[in-house]
Amino acid sequence: MTDMNALQTRMETSTSGADFSSSVMTIEIGPAHPAMHGIVRFTTHLDGELIIGMDPEIGYLHRGFEKESENSKWIQVIPYTDRLNYVSPLLCNIGYSMAVEKLYGIEAPRRAEFTRVIMGEISRITDHLTCLGAAAMEIGAFTFFLWFIKAREYLWELVEAMTGARLTTNWTRFGGNAMDLPDGFLHDLEDRLSKLEGIMEECDKLLTRNKIFIDRVKDIGAISKEDALSYGFSGPMLRACGIPYDVRRADPYSVYDELDFEIPVGSTGDCFDRFLVRMEEIRQSTSIIKQAADKMPEGPFMTDERMLHYPDKKDVYGNIEGLIDHFKMVMEGHSPPAGEIYMPTEGGNGEIGFYLVSDGSGDPVRVRLRPPCFNFVQAMPLITVGHYVADIVPIFGSINMIGGELDR
Amino acid sequence: MDFLLEIIMTPAVLACIKIAVIILLFAMPLGTVLTLMERKWSAMIQDRVGPNRANIGNFTGNGVLHLAADGLKSIFKEDTIPKGANGFLYLIAPFFGLIAAVATFAIIPIAGPIGDFTFQVTDVNPGLLFIFAITSLNVYGAVLAGTSSNSKFALLGGTRASAQMISYEVFMGIALMGIFMVYGTTRVSGIVNGQNEYWFGNLIPMWGIFTQPLGFILFFTALVAETKRAPFDAPEGESEIVAGYFLEYSGMRWSAFMLAEYVSLVGVAALMTTLFFGGYHVPWLHLWESAPQWLVTVLQIFKFTFFTVIFCWFQIQLRWTVPKFRFDQTMGLGWKKLLPLSLVNIIITALVVLALA
């Protein structure tokens, strides 16, 4: 839309101090600003209302997750992963546990895997609902936001029924889950999903073909396939550009290869495509959950391998192996074999990858998280320059930056 | 007693009393109640409960006390002046908008005249031109607030406000030109009385909405944009420029902006009723010839208030249904679509009026 080179020159002359009569205005958007729903700062250079330069600054929510993990036992990291992505904590739980399982070289029982798929997809839906709702709210569709939050509430009640908490779920373990499905869960699930579908239909009618909404998001914040790849995009942001990359299909983990779902892709990679991709992913996730609920096998929800969980009390008091296992679990904790692995999983925003290094003792040597939105925030200058200041809102909303996983 | 009555009946005093009654008993209460009603109505739209917590003992009145709570809160809040602000302009800016909003009611009749006594503060000759003059004053509030606050967000908001209001002013006048042609006057009383006539015997009242359907939509859009309400609230731009031109205000001055918004919301509704829905005239009431005068007046006030509330509701419904325009889209809509449409409206109206004459 605008000549980028001219903007670049304009930007350089005005910030180099050569042009004192410059009309470039620098405003700080964030760290505390209504559109910045994580904490992040964008130093934005404006020519009138046109954005000619932008510097993102991250780190306002840095909590030292990775360093903290090195000073913990392996199992103690799970509660920290709740706090990484605070709109889909279960996906981070699952990602981390599957990474440690990969390090061990074990698999959770099938029932645990199907439950994980259900809970993970519920979390993906809550993630998308929050993202779309918040993005729409910021361009004025407040009603849409609250309807989506209502739908999210139905799902979070399911999460609460399963894990006992809405945010601090702390639900997965190495080789299974902390709890099995509660009574009547699958019946509730069906009921909630049909309510969700109703709300989705209503919201679709309200917003998707709304002229004002389309004007606000169409051709805004577009990014080409090449740029998206070179910035390391993943998840809905990448799929909106037209690249059907989804870790659930590209590198199937858990039981996703037994389930039937489609990967929605966009074409232009603008905010509207991202909106549509996320809307469709909610529907796909709903279908995944239904399939998984139908196929739910009977069986244990936690592995019975030794040294992955506390032995039963009757073994602790009844035989020597049980007693020793118990002693070692308490004193050393989980001790995955020495080695290093990278385990990617598909989070709400994109690829959540855990890179783990173990030296065989009970303490992690390195726990590294590959957060999806780091790359998105890095690309913010690329996709905002040349747009108006009001366009920061839909662009940033569609990025769905989550401070917890970005700053770690 | 006679002496007192004589003083009261002098035009100047009478006008003051009317101002007090119309503003204090109609505009301000409705505007204030709307601040609560907007929250309640939006809550209904969004499946929420809405405000219901303010209480005295066990009495909450389903949220009515929030009106008092809000008022008290803004009175007792500190009235801050940001560092580097232009003190005088900063302090007077909030009241431009409020005065402009309230002044709209000066020419709106809320019931038919009884003898010499009119339920209208003044029936000025220029009539609606007065409205245009007054609503233009509105822009000063936003611009002064934006420029004197010493804040970049406020400056952006003030700039947006001035550009938007100046451009919508242009076709607001043009959109209303059709009404002037149809009823042959700019006087409000003339327009209202013109709408009391009927087509096809006594079948359809000649309301502005029927004679000027396009003009109705255009003028309504212009007025909503003029009052800077959603979907035209780019000057406020709560998500990108935080609160726009009144970002730095606090306490009662901030409330003045809010109150101005709601009073002008009522003003818009009252204007739409007056110009397009027959004003205070109750349709087909003239068929009941023996109706007592007091009953007619009561019915007229009721009808006027009813339509005003309907229009208030409509504006609130609009705000909570559609997203906002971006600033340049607002301008584009005004200049590229609504202005040509209003010109077309003038031409069509002129041709029809000529043909029927």
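In this predicted model, a convenient place to start is a single pair of residues in chain A, where A:Ser358 stands opposite A:Pro364 of strand S8(A). A second pair belongs to the same region, since A:Val357 stands opposite A:Arg366, again in S8(A). The strand S7(A), which covers residues 351-358, runs antiparallel to S8(A) and is joined to it by 6 bridges. The two strands form a hairpin with 5 residues between them, and in this hairpin A:Gly360 adopts a positive phi near 90°.

The hairpin is part of an open sheet of chain A in which 3 strands follow the order S6-S7-S8 with antiparallel pairing. Strand S6 (339-346) and strand S8 (364-370) of chain A stand at the edges, and because each has a single partner strand, one side of each is left without a neighbour in the sheet. On average, and with direction ignored, neighbouring strands of this sheet are turned by 15° against each other. Helix H4 of chain A, residues 89-104, packs on the sheet and touches S6 and S7 of chain A, its direction making about 145° with that of S6(A). As background to these descriptions, strands of a sheet pair through backbone hydrogen bonds, in either a parallel or an antiparallel manner.

Chain A also holds an open sheet of 3 strands in the order S1-S2-S3, and the pairing there is antiparallel. Its edge strands are strand S1 (24-29) and strand S3 (50-57) of chain A, each of which pairs on one side only. Neighbouring strands in the S1-S2-S3 sheet are turned by 20° against each other on average, direction ignored. Between S1(A) and strand S2 of chain A, residues 41-47, there are 6 bridges, and these two strands run antiparallel. Within this pairing, A:Glu28 stands opposite A:Thr43 in S2(A).

From the sheets we can turn to a pair of helices in chain A. Two packed helices are described by the angle between their axes and the distance between the axes. For helix H12 (residues 271-295) and helix H17 (residues 392-399) of chain A, the axes come within 10 Å and cross at roughly 35°, and the crossing of H12(A) and H17(A) is left-handed. On the H12(A) side the contact is made by A:Cys271, A:Arg274 and A:Phe275, while H17(A) brings A:Pro394, A:Ile395 and A:Ser398. Sorted by class, the residues of this contact of H12(A) with H17(A) comprise 4 nonpolar, 1 polar and 1 charged.

A loop of chain A also deserves a look. A:Asp219 lies in the loop between helix H8 (211-217) and helix H9 (225-230) of chain A, and its phi is near 60°, a positive value in a residue other than glycine. Most residues other than glycine have a negative phi. Because A:Asp219 has 15 C-beta neighbours inside 10 Å, it counts as partly exposed.

Chain B offers a parallel case in B:Asn150, which has a positive phi of about 55° although it is not a glycine. B:Asn150 is found in the loop between helix H5 (128-148) and H6 of chain B, and with 15 other C-beta atoms within 10 Å it is partly exposed.

Taken as a whole, chain B has 12 helices and 2 strands, and from the N terminus on its elements run α-α-α-α-α-α-α-β-β-α-α-α-α-α. The C-alpha trace of chain B spans about 65 × 55 × 45 Å along its principal axes. A compact globule of 357 residues would have a radius of gyration near 21 Å, and the 21 Å of chain B therefore agrees with that expectation. Of the 357 residues in chain B, 44% are buried. Among the contacts in chain B between residues at least 6 apart in sequence, 76% join residues at least 24 apart.

Finally, the two chains meet in a contact that takes 24 residues from chain B and 25 residues from chain A. On the side of chain B that touches chain A, the elements giving two or more residues are helix H6 (152-183), helix H11 (293-321) and helix H12 (327-356) of chain B. H12(B) gives the most to this side, with 3 residues. By class, the side of chain B that touches chain A has 11 nonpolar, 5 polar and 8 charged residues.

Methods:
Residues numbered from 1 in each chain as written. Chains lettered and ligands numbered in written order. Predicted model: local features only at pLDDT ≥ 70, side-chain atom pairs only at ≥ 80, totals over all residues. Contact = placed C-beta atoms within 7 Å. Helix = DSSP H or I, 4+ residues; strand = E, 2+ residues; numbered from the N terminus. Nonpolar A, V, L, I, M, F, W, Y, C, P; charged D, E, K, R; others polar. Axes fitted to C-alpha atoms, helices over the stretch in contact; angles between N-to-C directions. Left-handed = near helix turned anticlockwise from the far one by under 90°. Pairing = 2+ DSSP bridges. Rg over C-alpha atoms; globule rule 2.2 N^0.38 Å. Buried ≥ 20, exposed ≤ 12 C-beta atoms within 10 Å, placed from the backbone.
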